[in-house]
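Reader: I would like a close look at a single part of this model, the place where two helices from separate chains meet. Please describe how they are arranged and what makes up the contact.

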Amino acid sequence: MSEIWWAAQVGYPPLATLQWLPLAGGLLLLVMREDDLALVLGRLFAVGELVVAIDLYARIDVSTGVLQFAERLDLFAYHAAADGVSMLFILLAALLGVLLSFYGMARQQISPVQLLSLLLIIESAQMTMLTTMNLLWFAGASAVQLVVVGYLLWRWASAREENLALSRFLQYQVFGWALLVAGAVVLAWSHADVIGGRWSFDLFDLLRTPQIGKYQSAAFYLLFYGLAIRTPLFPLHGWLPNSAGYGLIAVGPVLLLGVKVGIYGMARFLLPLTAEAVIIWQPYVVAFAMVGVFFAAVMAFRQANLRRLMAFAVVSHTSLIVIGLFTLHPAGLQGALLLAVNFGLAITVMLLMVGYVYRRTGTTSLDRLGGLFDRIPFITVAFLIGGLALLGMPGTPGFDAVHLVLEASIETFGALPTIATALGNVAAAGFLLWAFQRAFLAPRPRDLPAARIAPTSAMEYFVGGATLLVLLAAGFYPEPWLRLTDSATQSLAAYFPHG
Amino acid sequence: MAEASTWPLLSLLLVLPLAGALASALLRRPPWAQRIALGSAGLTLFCSLLVVYAFDAGDPEFQLLESAPWIPGLNIRYLVGIDGISVLFLPATALLFCGAVVAGWRVSATASPLAPGLYFALLLLLEAATLGVFCALDTILFFCFWEFTLLPLYFLVSLWGLGAARQRAAVRYFLVMLAGGVPLLFGLLGLAFGSTGGGVPVFDLPTLLVTPLPERSQYLIFLLLLLGFGVKVPLVPLHTWLPSMAMGAPAAITALLVGLKLGAYGLIRFAIPLAPLAARDLHWLLAGFGTVAILYGGVAALTHSNLRGMLAYSSLAHVGLVLLGLASFSVYGLQGALLQLLNFSVAAGGGFLVLSFLQRRIGSTDITQLGGALHSMPRLSGFFLFFGLAGIGLPGTSGFPGELLIIVTALHDHTGAGLAALFGMVLATAAFLSPFRLAFFGPEKRPAMAAAEDLLPREMAVLLPPSLLILTVGIHPLPILDLLRPTAEAWVAALAGL
C-alpha cells in the first residue's frame, strides 16, 4: 500500500486542519459567553471547515486509488490520509456541520452557543474518523463522538422518556465500541505475533502482515458487529428508534445518521483487513441484511410517530447499503458508498424538516399532525424530496447509487433476491410516503389551529434550500461523484478478485 | 440514423412546459398563472406541430436526434429523437394538456387558496415528463421521465381530487407505479448489460435495437418489461389502481391518465422490438391479455353507474384491442394499434374533459344524479355523444380505421380472439349507449340540471380541435396511415427478420 505525502499536493497539512479547526472552534466557544458574537464565530468555524473541505476536493487527484494528503506523527501513532471515498464523506460531514450550525440556533429553550461548540467538537471527531489510518484513533474518535452525543441526549432531551432513550443508547454504543476495540486488539496482536513483538494498529502495517486464518474470523466478527451497531444494521438497531423518538428532534439523529461512519469504517478497515473472512461470511451478512430490509419496512408500517417511522426507514435503507458493500463488486462498492452519502443527506433534510415541524406543533405523532402543506409548503416539499431521495427516485443521487448496487447485486446474488430486496425498499419508502400524506396533506386536526403554524422563516428557507440544492444538483449531475469515488473503489475491490 | 438536427426542436418541446410550470408556480395572482399556463401549453402544442412538420415521413429511422453526454461514467446520455411510432403522440399529448389546463380554469383557485398557480405548475410538469417519455431514446432517460410523471400526478390527485378516498387513491397509484418501476428498471438494466456481455453497459435505444440479445435472457427481459409496462397499461390483473383513480382524480387528470397510453407505448417502443424472439414466441400471451381486457373492460363498464368509471373501464377494453393488434406483429396490426392509441387519447381525453365540465356544473357524474342533461346542455351532450361514438369506433370517426385494421388482422392471426373482440365491441357499444341514455335523456331529476348552463365559448374552443381531428382522420385516414407506414414496416421487418 502506498500513499502521497501532503506536501506534494497542498501548501498546508489539510487533514490536520480539518480536524483541528472545528476542535479549536468548539473549545473556544466553550469558554465564551452566550452571545451573538460567539454564535457568529461558531458559524464561521463551520463554514471555514466546509471551505477547507472544498479546497481539498479541488486538489485531490481522482485518477488514482492511492491514499493522498498523507500525514504521519510517529510519536502518537498519528497517521491520516484520504482518497476519493473519504473525500466524499468529508464533504458531507462539513456540509452537515454548516447546516446544523445554522439549524440549531433558532431554538429558544437551549443555550445555542454551548450546542454549537459541542457540534464543532463532534465534527472534529468525525473528521478524525474519516481521515485516520489507525484503528485505535478511529476507536478513540468514535468514543469522543458517542460521549458528546450521549451528553446531548441527556442535556436536551425533548420528552420524559429521555432516560430510556439514553440508557438504550449507552448500552448499545458502549457494547459496540468495546467490540470494535476488541477487534482492533485481535488484529494488532496477531500482527505482533507474526512480526515479532511490535504492536501496531496502523492500517498500512496491518495490511503488510500476511493474513492469519484462525484469528481473522474473530477479528471480522468483532469489527463487523462493532461497526454494525453504529450503522445501525438489523438486528442491532435497538437503540435507534428510542433515541430518535425521544431525544433531540433533529440534531442528535443527524449527528448519528447523517455521516455513516459505520459504513465508512467497514469500507476502510473491515473489508481490506479481513478480506478472507469477509468472503467466507458474505452470504450470512447479506442474508441478514435482506431480512433487515423487510423487517424494518414492516416495523415502519406499525409506527404512529413520524420520527420512529423514519428511524425504521433508516434501518431498512442501511441494510441496502450493506448489501451493496458485501457484493464485493466494484460497482456495488461504489454504489453502496454513494448510497450511504445520499441517504445521509436525505435523512438529514427529513430530520431537519421534522424538527421545524416540531417547533410549530410540539409533536411528531402522526395522529396529531395534518394540513401542514397549506401553511408551510416549502418545508413539506423539502421533506418529500428527502423521502424521494431515500427511495432512489430518478433526479436524486439515490437513483444512480441504487442502480449500481442493484446491478452488482444481480451479478453476485442473482435476480430474484435482488428484486425482492428492491421491492422491500419500495415498501419502506411507501410507508414514509403514507406518513407524509398523513402529516402534511391530511385535514388538520382540531387541536392544531392554523395560526399556530408560523410561516417558513428565512433561516428555514436557507437550510432547507441549501440541502435541496445539493441533493438535486448531485441527482441530476452525478458525474463528479462517480469520478471521485471510481478509482478508490476499484482499488478496494482489488482485494476481492472476481470470479 | 439521420444526422443530428440543427435546431433542438425536441429539447425546446420539453423546456417550454417546464418554463411555463416555473412561471405559473411563481406568480401570485391566479388569473395570470392561468394565462401563463394556457400560453405555454399552447406554445407546446405549436411546437409539437412543428415537430410533425419537420418529421420526414419517408424515413423509418429516428429523426430530430439530439445527443449530449449526461453521466459519462455510466454511459448514460441525454438522447432524444422521434420516429413514426412516437411522432403523433406529441401533438396528441400537447392537445390533451391544453384541454386539461382549460378544464382546471376555476378548479385550481377554489381548492387551495395558498398556491393558485400550483395546479397549473404541476400540470405542466406532468406534460414535460410525458413528452419526455415519448421522446427519450436512452433507456435510463426514459425511465427518469417515466418516474417523473408520478409526483405531479400524486399531488394533483391528492390535493384537487374528488371525494374522501382521493388521498388513498393517490398513494395507491404512486406505490403501485413504484412497484411496477422495479421490474421495469431491472428489465432495462438487464438489456443494458445483456447486450454487451459484461463490458460497458449500453443504454441507447438505436444501438440496443441492432444488438440482438441471447435468446435465453430475452424471455426474462420481455417478461420483466411486460410486467413493468403492464402496470401502467393497465393489463387486467394489474389494473386495480384504475377505478379508484378514475373516481378520485379530478376529471381532467383522469383524461390524462386514461387518454395517455404510456404503458402501451412502452410495449411498442421497448418491450417487443428489444426482445423480439421472446415477443414472437409469447404472442399468445399478448393476445390473451388483450382478449381478457376487452371482455372484462366491456362487462365492467356495463355495470358501472358513474360515467367516469364507465369511461375508465371502456379504456381498459380499448387498450386490450391495442394489445390484440400488436400480437399479430403485422404492419396492419401495428398501424391499427397506433391509430387506436391516438384515437383513444383524443376521444377518451375529450370525453373526460366533457365530464369535467359536467362535474363542475352538477357536482357529480353519477348516472343516478343526472338525467335530462340534454335539455339544458345540448351542446355538452352532443360533444359527449360524439366522443363516445368515436371511442366505440363508429365509421366516419377516427376510431373506425384503427379498430377495423386490428380486428381484420386479429381474425386472421388469432381467430378466436378476433371473434371475442367483435363481441367486445358490441359490449362496448352497449356500455356507452345505455348510461348515455340514462344520463342525458329522460326527465330532469334535479333542479340543478335545469339551471345548468351549456358549454362556454372557451370550453367549446377546447373541444372543437379534437372533434375536428376525429372527423378528419375518420373520413380520410390515409395521410396518417402513410405517416406511420415506413416505421411500422421497419418495426415488423425487424421482428420478421429473425
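**A helix pair across two chains**

Author: In this predicted model, helix 18 of chain A and helix 9 of chain B are roughly antiparallel to each other, because the angle at which they pack is about 160°, and angles over 145 degrees count as roughly antiparallel. Helix 18 covers residues 415-441 of chain A and helix 9 covers residues 166-194 of chain B, and their axes lie 10 Å apart. As for the sense of the crossing, helix 18 of chain A passes helix 9 of chain B in a right-handed manner.

On the side of helix 18 of chain A, the contact is made by Ala415(A), Ile419(A), Ala422(A), Leu423(A), Val426(A), Gly430(A), Leu433(A), Trp434(A), Gln437(A) and Leu441(A), while helix 9 of chain B contributes Gln167(B), Val171(B), Phe174(B), Leu175(B), Leu178(B), Ala179(B), Val182(B) and Phe186(B). Sorted by character, the residues of this contact comprise 15 nonpolar and three polar ones, with no charged residue among them.

Elsewhere in chain A, strand 2 (residues 67-73) is largely enclosed by the rest of the structure, since five of its seven residues are buried. Strand 2 of chain A pairs in the parallel sense with strand 1 (residues 3-5) of chain A over two bridges, and Ala70(A) in strand 2 is the bridge partner of Trp5(A). With strand 3 (residues 78-82) of chain A, strand 2 of chain A runs antiparallel and is joined by four bridges, and Gln68(A) has Ala82(A) in strand 3 as its bridge partner. These two strands, 2 and 3 of chain A, form a hairpin with four residues between them, and in the turn Ala77(A) has a positive phi of about 55°.

Definitions and conventions
Residues numbered from 1 in each chain as written. Chains lettered and ligands numbered in written order. Predicted model: local features only at pLDDT ≥ 70, side-chain atom pairs only at ≥ 80, totals over all residues. Axes fitted to C-alpha atoms, helices over the stretch in contact; angles between N-to-C directions. Parallel < 35°, antiparallel > 145°, perpendicular 65-115°, else oblique. Left-handed = near helix turned anticlockwise from the far one by under 90°. Contact = placed C-beta atoms within 7 Å. Nonpolar A, V, L, I, M, F, W, Y, C, P; charged D, E, K, R; others polar. Buried ≥ 20, exposed ≤ 12 C-beta atoms within 10 Å, placed from the backbone. Pairing = 2+ DSSP bridges.
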